[in-house]
Amino acid sequence: MKNISIETLKVSTPVQLNNIPTFIDIETSEKKKEKELQKIREKLSKLQDKMYAHNKYGVLICLQGMDTAGKDSLIREVFKEFNARGVVVYSFKTPNGNELEHDYLWRHYLALPEKGKFSVFNRTHYENVLVTRVHPEYIMNERIPGINSVEDITPEFWNDRFESINHFEKHISSNGVIVLKFYLHLGKEEQRQRLLRRLEKEDHNWKFSPADLKERELWQEYQTYYEEAINATSKKHAPWYIIPADNKETSRYLVAKTILEELQKYTDIKEPELEQEVKDNIKFYHDKLATEE
């Protein structure tokens, strides 16, 4: 099995998405990938238990990608060994009325992980510089002072949002939230095939929406804005990883591998030690319980 360094996936310098492959051959069978993923899942599960006991870090996993990129199934497969108390998944859809009464980051603050836990954002705060950029008319729903029409939304507006997002991620990372962001890099032809399968398989019809085709027509705009967002916000404290997503098994393996290897860098994460008095009396406590009638 080909060893892929996670550093080759991390965005450390400006990237051009058109030059990055959407498929990578890791030279192994699908069955072998599943076995390797299972090993990583078990290690992540044990690490999460240790983080829960340590109770100092939370982990925020951000997943972005075009429709059909495989976010839902990736979440299911990567986190299936986790204790249910340890991970919460949030899927951010169109803001509701209550959410629009606050700034655009408000609902994301509410979903941040508690110490010792994981939050997975299935679509994230980056929708506010992606979907709204492709459809700037959505910004009008936010009722922002000084923005009275779409024409008021200047390039500076988006640069300010990038800066706000950077500040947001810097703030939470400084307070114990480990931020890892993944862009599932799907090819346009692979998306076409996946949409066709949704139409051809009756039990998958429910996944299809005519809106998928309308958004597909805006493919290049999305690619341009993803590229700008990634380049503007991939920081040491909150890096982006570009994951080739044309093969779902490979993308799941690479995301899980990245999460594990990044978290293993936090060598201070340890289970808390018992007080010396308790340690010295372990046998006493054991015997007391064992002989209890």
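Visitor: Which helix is F284 found in?
Guide: This is a predicted model, by the way. Look along the chain to residues 282–290, and you'll spot F284 there, in helix α11.

Visitor: What accessible area does the nonpolar surface patch with F284 have?
Guide: F284 shares that patch with L274, I282 and Y285. Take the four together and the accessible area comes to about 390 Å².

Visitor: Is strand β1 largely enclosed or open?
Guide: Buried means under 20% relative accessible area. In β1, residues 58–65, 8 of the 8 residues are buried. Side chains in a regular strand alternate between the two faces of the sheet. Here G58, L60, C62 and Q64 are buried on one side, and V59, I61, L63 and G65 are buried on the other, so with 8 of the 8 residues buried β1 is largely enclosed.

Visitor: Which residue stands opposite G65 in β4?
Guide: β4 covers residues 177–185, and it pairs with β1 in the parallel sense over 8 bridges. Within that pairing, G65 stands opposite L184.

Visitor: And in β3, which residue stands opposite L63?
Guide: β3 spans residues 118–122 and runs parallel to β1, with 5 bridges joining them. Across from L63 in β3 you'll find N122.

Visitor: Is N141 buried, partly exposed or exposed?
Guide: N141 sits in the loop between α4 (131–134) and α5 (155–174). Its relative accessible area is 47%. The cut-offs are under 20% for buried and over 50% for exposed, so a value of 47% makes N141 partly exposed.

Visitor: What distance separates the C-alpha atoms of N141 and I165?
Guide: Along the chain, N141 and I165 are 24 residues apart. In space, their C-alpha atoms are separated by 20 Å.

Key:
Residues numbered from 1 in each chain as written. Predicted model: local features only at pLDDT ≥ 70, side-chain atom pairs only at ≥ 80, totals over all residues. Heavy atoms only, no water. Buried < 20%, exposed > 50% of the residue type's maximum accessible area, 1.4 Å probe, protein only. Helix = DSSP H or I, 4+ residues; strand = E, 2+ residues; numbered from the N terminus. Pairing = 2+ DSSP bridges. Patch = residues over 30% accessible without salt bridge, like charges linked within 9 Å, V, L, I, M, F, W, Y side chains within 5 Å. Areas by Shrake-Rupley, 256 points an atom, 1.4 Å probe, with all protein chains shown as cover. Salt bridge = Lys/Arg side-chain N within 4 Å of Asp/Glu carboxyl O.
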